[in-house]
Every structure is written in C-alpha cells, then in structure tokens.
Amino acid sequence: MTQQFDAVVLGGGAAGLMCALEAGKRGRRVAVIERAERAGKKILISGGGRCNFTNIYCRPENFVSANPHFAKSALARYTPSDFIALLEKHRIPYHEKTLGQLFCDRSAHDIMDMLEGECRDAGVRLFVKASIQEVLRTTEFVVRAGEMEFRAPVLVVATGGLSIPKIGATGLGYDLARQFGLAICEPRPALVPFVFDDEDRARYCDLAGISAHVAVSCGNQRFLEKMLITHRGLSGPAMLQISSYWKPGQAVAIDLAPDSDVTAALREPKVPRNITAMRSALHNFLSNRFANRWLDLHAPAAWTNSGLAELERLVHEWVVIPAGTEGYAKAEVTGGGVDTDELSAKTMESRKVPGLFFIGEVVDVTGHLGGFNFQWAWASGASAGRAL
Ligand SMILES: Cc1cc2nc3c(=O)[nH]c(=O)nc-3n(C[C@H](O)[C@H](O)[C@H](O)COP(=O)(O)OP(=O)(O)OC[C@H]3O[C@@H](n4cnc5c(N)ncnc54)[C@H](O)[C@@H]3O)c2cc1C
C-alpha cells in the first residue's frame, strides 16, 4: 500500500518527533517511521527515567564537532527556554538538579506524552514496528517498509547513533548518508566509561565504587567533576565528558587534588616526612583506600624536597592511558556522524541532495553530559521542521 506525504521522518526519537510536530503545526502532512514497538525509547530511559531534557546554560562550547560553529544557528533558533515553554504549556513539573541540568519531577513519560500529544494535534502519523527495507529517490523519496510504501518530496533522517544497540540503535542514518554521497566523520562511542589496561586493572579495580572529585584533561579540554573507579576502569561524569575528546592511544591526565597543595604540610619544619604523614595529607582529598593504594604505587624513593616536588606533580598529573572504552553498549551517545559541511546550518538540509535532511545524533554534533544532547535533538529537529 502506497501512502503519500509532504515529509517522511525516519526515526521517532527526540529529534524526529520535534521535527514532525513543528512541520505538522505548519500544515505539512508528516509520517514518522519508527522501527521499535514504540517511539522515544531513549527518552524514557534517559536521566535515570527522569530525562535530563535540557540545560539552561547551553552554549555552543558544550558541543563537540569537526566544525564547532555549525550548531550555533540551530541552538539560537530553538533555545532551552523554548522547550521549557512547551513543558509549561503542558504543566509538566521539573527541577534543576545541578549545573543547569533540568529533569522531570515525575518521569520521562511526561515528555513522551507531551511530544506524542503535540504530534497528534498537529496531524502527524506515527508508524511503529516499521522495518525499513529500502530508501530510493526517484522524482521524490520512496521508503519501503514491509508491505508499506511511503512517498514524499522530503525525507528527514533522524535515526540517531549507534549507542545502546539493545534498545534498537541502528546504523541506518549513516548508510543513507553514504547512499546519497554525503561524507561522514567516523562514528565513535562518546560519553563512555574507560577501560584500564591489564596492569592498571590489577592495581585499582578492587577499589570499584570509590569516587573522587578530580580535574581530568586530554588535549586542551579539562573537566572538573566526579570520577568513579569501576570493575573495568574509570567512569563518572569527569571521565564520560573527557571520553568525547579522547582518541585511542591518548593519555588522560588526572588531577587528584585540583587547586590544592597536598604536600604543603610535609614541607613545614619539624613535620615528619614519611609515608604515614603523606597518607594523612592525601586523605584530605581522596578516600583512604584509594589514597593509600595510589601512594603505595607513587611514593618517592626519598622524602627529600625534590621527592616531594615530584610527588606533588604526580598528584596533579596522574597519567592514565586507557586500553579503550566500554564501547557502544555503554556509550550515552555516538560521536562523529554526518559531516556538517554537507548540511545547511539553518535547516539541516543536505547541500547536495535537495529535500534530504539529517537531524539529531546522526549528525556530527555531540553534546556534553548534562542535557545538551537532547537540546541538540530539539534544536536541530525544530530547525528542520520549520523549513519543511
Ligand atoms: C541511557 C541513556 C541516557 C541518556 N540520558 C540523556 C539525558 O538525560 N540527557 C540528554 O541530553 N541526553 C541523554 N542521552 C542521549 C540522548 O538520548 C540522545 O542524544 C538523543 O536521544 C538523540 O536523539 P535522536 O532523536 O537523534 O536519536 P534517538 O533518540 O536515538 O532516536 C532515534 C530513533 O530512530 C529509531 N531508529 C533507529 N534505526 C531505525 C531504523 N532502521 N528504522 C526506523 N527507526 C529507526 C530508533 O528506534 C529511535 O527511536 C542518553 C542516552 C542514553 C543511551
């Protein structure tokens, strides 16, 4: 059975639904084609079930992309305030948890009910359990899914990234970009825990569950947040954030006591200089077990001035070379994606293939942790939806 629309949106996630409802409100006949049995599964599991739906301090600097300027236009056209206004229209209660991160008071279902309700009111048709076999371009776009065929002059690809394949992530968006001749920045897991090499695993992993406030850096990027030791390596917000900038083989430098002089006490006259004194100094910054273990592995050969200076340096620059990451199974997002040089920053339309749009995570724009990825999904979705 063939059905004709003004626009077909592939993927009923955050970006696809936002795009569809904006286009529907403008009178366009829109179909959303979703592979899973329901739309918005990632929204429902996000933010521990409460969806960290935006960040009030959203700035272009919170996004990683080969072209750091690309996201500016869409982010300015659809801001956190716009999404908050939508929530308030639906009387959805929310709160700021920390650092500008907004969460639902009740549950992420509130966001899904809102998006589905808005889509319904805008006349959007949602087709779930639709497995896409083929996408062609004749005089218009043709999408074949099972027995159904959808035709439209406009195709919006909103199929997300590769993260969490067990809830239905697929590489369709990248395949379609290739099919239509668009360049791709190599996808990679991002916002993902690190895995230690065998030596570091043997040294630290029995401390799994211990956390510390650290500053972590890689290249020019630095994040001051919490680090968590896991059974396989390092996680926690600090590590997830820096992972988006990390490339295999690179070192990450961890400052275990940011902005502090840890050995100051030992340099005082008449204070004993030994491992016991140093342990108690480090206990001010790290949990006892972690401090003791770390010190056993990094204690200076002699407790001289230069030995203390070297130890102070190491505390602020503990260098770890991760063996890798936990991969897409644990990555909150996929870095890389459709090269932004291929797209209009205003509308997300392909420069080469008129009528073809890419929005959301499938594009080479990756937000920091803290609500920025949803803000990108809303903003890129709204920009495209208003251009259809
Ligand atoms: C566990 C977890 C928690 C997260 N928490 C947060 C958070 O609190 N705040 C935040 O900002 N970000 C969070 N994120 C990231 C955020 O969920 C994504 O960045 C965002 O959902 C991307 O939106 P999207 O619409 O581009 O892709 P998605 O939301 O992934 O939607 C893509 C849709 O396309 C469908 N699809 C895929 N392939 C096909 C196909 N072949 N045919 C048809 N349909 C297909 C998928 O089923 C899916 O419904 C979280 C991610 C994870 C994994």
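## A ligand and its surroundings

Of the 30 residues around the ligand, A15, E34, T170, E361 and F374 come nearest. As you look at them, keep in mind that this is a predicted model.

Let us begin with the ligand itself. Three of its polar contacts are set out below, each with the ligand atom involved and the distance.

| Residue | Part of the residue | Ligand atom | Distance |
|---|---|---|---|
| A15 | backbone N or O atom | oxygen | 2.9 Å |
| R35 | polar backbone atom | nitrogen | 3.1 Å |
| E332 | side-chain N or O atom | nitrogen | 3.5 Å |

How much of the ligand does the protein bury? Taken alone, the ligand exposes 1,000 Å², and the protein buries 91% of that. Three elements give two or more residues to the shell around the ligand: helix 1 (14-25), helix 2 (41-45) and helix 13 (372-385). Which of the helices gives the most to this shell? That is helix 13, with 4 residues. By class, the residues of the shell divide into 12 nonpolar, 13 polar and 5 charged.

Now turn to a pair of helices. Two packed helices are described by the angle between their axes and by the distance between those axes. Here the pair is helix 4, residues 80-89, and helix 5, residues 109-121; their axes come within 10 Å and cross at roughly 90°. Because of this crossing angle, helix 4 is roughly perpendicular to helix 5. Which residues meet where these helices are in contact? On the side of helix 4 they are F83, L86, L87 and K89, and in helix 5 they are I111, M114 and E118. Sorted by class, the contact of helix 4 with helix 5 has 5 nonpolar and 2 charged residues, and no polar ones.

A last stop is A169, which you can find in the loop between strand 12 (154-157) and helix 6 (172-179). Which residues does A169 touch, leaving aside those up to four places away in sequence? They are G161, L162, S163 and I164. You can also look from A169 across to A36: the two are 133 residues apart in sequence, while their C-alpha atoms are 9.5 Å apart in space.

Conventions:
Residues numbered from 1 in each chain as written. Predicted model: local features only at pLDDT ≥ 70, side-chain atom pairs only at ≥ 80, totals over all residues. Heavy atoms only, no water. Near = heavy atom within 4 Å. Polar contact = N/O pair within 3.5 Å; in protein donor to acceptor, adjacent residues only side chain to side chain. Areas by Shrake-Rupley, 256 points an atom, 1.4 Å probe, with all protein chains shown as cover. Nonpolar A, V, L, I, M, F, W, Y, C, P; charged D, E, K, R; others polar. Axes fitted to C-alpha atoms, helices over the stretch in contact; angles between N-to-C directions. Parallel < 35°, antiparallel > 145°, perpendicular 65-115°, else oblique. Contact = heavy atoms within 4.5 Å.
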